[in-house]
Each structure stands twice: as C-alpha cells, then as structure tokens.
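Q: Could you walk me through what the labels on this model stand for, and how each one is earned?

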Amino acid sequence: MEPQQRISAQQYLERSAARMEEAGLFFGHGTDNAWDEACWLLETLLKRDGVQDIHPDLPLSPALVAQADAMLAQRLSTRTPLAYLLREAWFCGVPFYVDERVLVPRSPIAELIQAGFAPLLQQAPRRVLDLCAGGGCIGIACALAFEEAEVVLSDISPEALEVARMNVARFALQNRVQVLQSDLCAAVPGRFDLIVSNPPYVAQDEYDTLPGEFKREPVLGLVSAREGLAIPLRILDQAVDKLDPGGMLVLETGATWELLAATRPDLPFLWLEFENGGEGVCALTREQLLATLPP
Ligand SMILES: C[S@@+](CC[C@H](N)C(=O)[O-])C[C@H]1O[C@@H](n2cnc3c(N)ncnc32)[C@H](O)[C@@H]1O
C-alpha cells in the first residue's frame with residue numbers, strides 16, 4: 001500500500017473513539033472519555049515503534065493499525081482496561097508497569113504527592129509507608145517526590161507485591177524502597193512520618209453493580225466487608241502505633257467517606273479537596289488518633 005493511501009492518525013482516532021463509544025465502554029481507568037483513550041492507545045504503540053513526531057496527518061503503517069485494532073477488539077469484547085492491555089498506567093506523570101495482579105492506579109492522592117502534601121506536611125517525610133500498596137504507585141511516587149525518604153510498600157497480596165517489585169526496579173529505587181507482605185500493619189516494622197493508604201473500601205453490594213472493567217481488577221483490591229468500612233476502620237485503629245510523633249495518616253475511602261465519618265464521629269477527619277476530581281481522602285495526625293484512644 002502506498003503511504004498516501006494509508007489511514008492517518010486523525011482518521012484512526014476518530015474511527016476507534018467512535019467504536020468505543022458505540023460499545024458503551026466504561027472509562028475511568030486512566031482516562032475519562034473515548035477520545036483520550038484512543039489517543040493513549042495510538043500514541044503508546046507509535047512511541048513503542050520509535051515514532052516521536054506524532055501529528056494528525058501522520059500516515060499509519062498497516063502493521064501498526066493491525067496491532068492497535070487487535071488491542072481495541074480485546075478492549076471492546078472483554079472490557080479489559082486499556083492499561084492492562086498496554087501493560088502500563090500513568091500516575092503522577094510517570095509510567096508504571098501494571099497487569100491484572102494490581103488495580104489500575106487512579107487515586108486522587110496523586111495530586112497531594114505532586115504538591116508535596118502541602119500544606120499538610122511542614123517538612124519532607126523521612127519514612128513513608130504505602131499501606132495496601134498494590135503495584136506501588138503511591139509509595140514510589142512519594143519516593144520520587146521526596147528524594148531522601150525511605151519508603152515501605154506493603155500489601156497482603158504476594159501477586160501484587162511481585163508487580164510492586166517490578167516497579168521498584170523500573171525506577172531503580174531498590175536502595176530506599178522496601179517491599180513487604182503484611183496484613184495491614186501486622187508485619188510492618190518501625191514507625192513513619194507519613195502513612196498513605198488507598199485500601200479496599202467498596203461495599204459488596206456496590207461492587208456487584210460496577211461496570212465490567214472493574215471485574216477485571218483483583219477483587220481483593222476493591223471490596224471491603226462491613227459496607228466497605230472494615231479495612232479503613234482497622235487502619236484507623238492501627239495507624240497510631242505506626243506513626244512517629246507529629247506523623248500523619250492520609251487515607252482514601254472514596255464514596256464510603258460519609259459512612260466512615262458517621263461511624264467514627266470522635267475523629268476530627270480533615271476531608272481534602274481535589275482540583276482534578278476525586279473525593280473521600282482524609283488526613284489525621286498521630287496526635288488526633290491518639291486523643292481518641294481509651295485512657
Ligand atoms: C485499592 S488497591 C490500591 C493499590 C494502590 N495503592 C493504588 O492506589 O493503585 C488496595 C490494595 O490493598 C490490598 N489489600 C487488601 N486487603 C489487605 C490487607 N488486609 N492488608 C494489606 N493489603 C491489603 C490489595 O491487595 C490491593 O493491592
């Protein structure tokens with residue numbers, strides 16, 4: 001086929017975005033609309049092919065179109081999030097390896113990390129715990145943001161931790177990022193200035209109604225008993241013993257936040273606001289957690 005007969009990048013994007021919309025895909029695992037998802041797919045494959053100068057008129061090779069179409073067909077027929085098909089997800093502006101062993105990174109905590117947790121933290125943390133780390137995106141992004149910090153990534157899932165180790169190696173952070181298996185804080189040694197956690201907090205009833213894309217993710221990463229509250233409540237109980245004086249817990253509970261606040265009215269949750277969307281992330285100091293413990 002002559003180059004002038006080839007489909008252009010713009011034509012390909014229009015065609016594939018239309019197919020995604022017709023199929024009624026759910027977006028929310030890296031993008032929030034069909035056009036952005038089509039751009040993500042095409043750009044990633046072009047860059048992997050060594051094409052840097054991507055513009056609307058760029059003629060696409062038949063081999064690349066075939067590769068992109070095969071991935072699109074899988075996205076449409078299986079509802080697999082694109083990140084799993086590409087084996088890559090972006091978080092805090094950097095690409096992480098992902099596959100079905102971990103959730104696709106999308107926590108609004110990214111915005112806090114990019115702001116250096118200002119104004120919550122007065123100084124850079126020296127020790128950070130990413131509790132329920134999955135593939136490690138939050139803890140690794142913290143390690144990149146705080147270049148002197150030692151970081152622990154902990155998770156109960158050995159499969160997720162394999163992915164976390166791959167990401168630690170990907171960013172060459174083995175000298176200050178440790179990966180360990182633990183049921184919440186049970187096997188985590190030492191104390192931290194900052195604990196960041198995006199744990200499972202989805203109620204089973206709600207999970208049952210979620211679009212197919214979520215069903216491709218590990219259920220252990222999403223569902224929590226007691227209407228989503230079980231794991232967040234355990235974290236609130238355990239964090240105080242894992243924080244240094246002056247330390248801070250940043251905990252995501254998504255839409256479960258109202259129920260959590262109502263269940264623990266004794267705690268002065270600071271619910272954070274986000275410019276890029278997201279809700280249900282709170283901050284609590286060790287002293288605030290300590291004040292609610294029985295004497
Ligand atoms: C919502 S995912 C978050 C992954 C990652 N932090 C992120 O933001 O993309 C929750 C993670 O919690 C882990 N998890 C579930 N129960 C746990 C427990 N009891 N102790 C430690 N980790 C747990 C799951 O394996 C999963 O990787």
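A: Sure, axes to begin with: they are lines fitted to C-alpha atoms, for helices over the stretch in contact, and angles run from 0 to 180 degrees between N-to-C directions. Contact here means that the C-beta atoms of two residues, placed from the backbone, lie within 7 Å. Helices (H or I, at least four residues) and strands (E, at least two) are DSSP runs, numbered from the N terminus. With that, helix α10 (residues 230-242) lies across β3, β6 and β7 (243-252), at about 160 degrees to β7. This is a predicted model, where local features need pLDDT of at least 70 and side-chain atom pairs count only at pLDDT 80 or more, while totals for chains, interfaces and linings use all residues. Numbering starts from 1 along each chain as its sequence is written.

Q: What makes α6 largely enclosed by the rest of the structure?
A: Buried means that 20 or more other C-beta atoms lie within 10 Å of a residue's own (exposed is 12 or fewer, partly exposed in between). In α6, 7 of the 9 residues pass that test, so the helix counts as largely enclosed. They are C137, I138, G139, I140, A141, C142 and A143. The helix lies across β3 (127-131), β4 (150-155), β5 and β6 (192-197), running at about 160 degrees to β3.

Q: What makes the largest nonpolar core a core, and which residues have the most contacts inside it?
A: The term covers buried Ala, Val, Leu, Ile, Met, Phe, Trp, Tyr and Cys residues joined through C-beta atoms within 7 Å. This one has 73 residues, and V128, A141, C142, I195 and L249 have the most contacts inside it. Its largest share, 6 residues, comes from helix α6 (residues 137-145). Leaving aside neighbours within four places in sequence, A141 is in contact with F91, C92, A110 and I113.

Q: Why are β5 and β8 said to stand at the edges?
A: Strands pair if DSSP finds at least two bridges between them. The open sheet has 7 strands in the order β5-β4-β3-β6-β7-β9-β8, with mixed pairing. β5 (177-181) and β8 (270-271) each have a single partner strand, so one side of each lacks a neighbour in the sheet.

Q: How do you know that β8 and β9 pair?
A: They share 2 bridges, in the antiparallel sense, with β9 covering residues 281-285, and that meets the two-bridge minimum. The bridge partner of W271 is C282 in β9.
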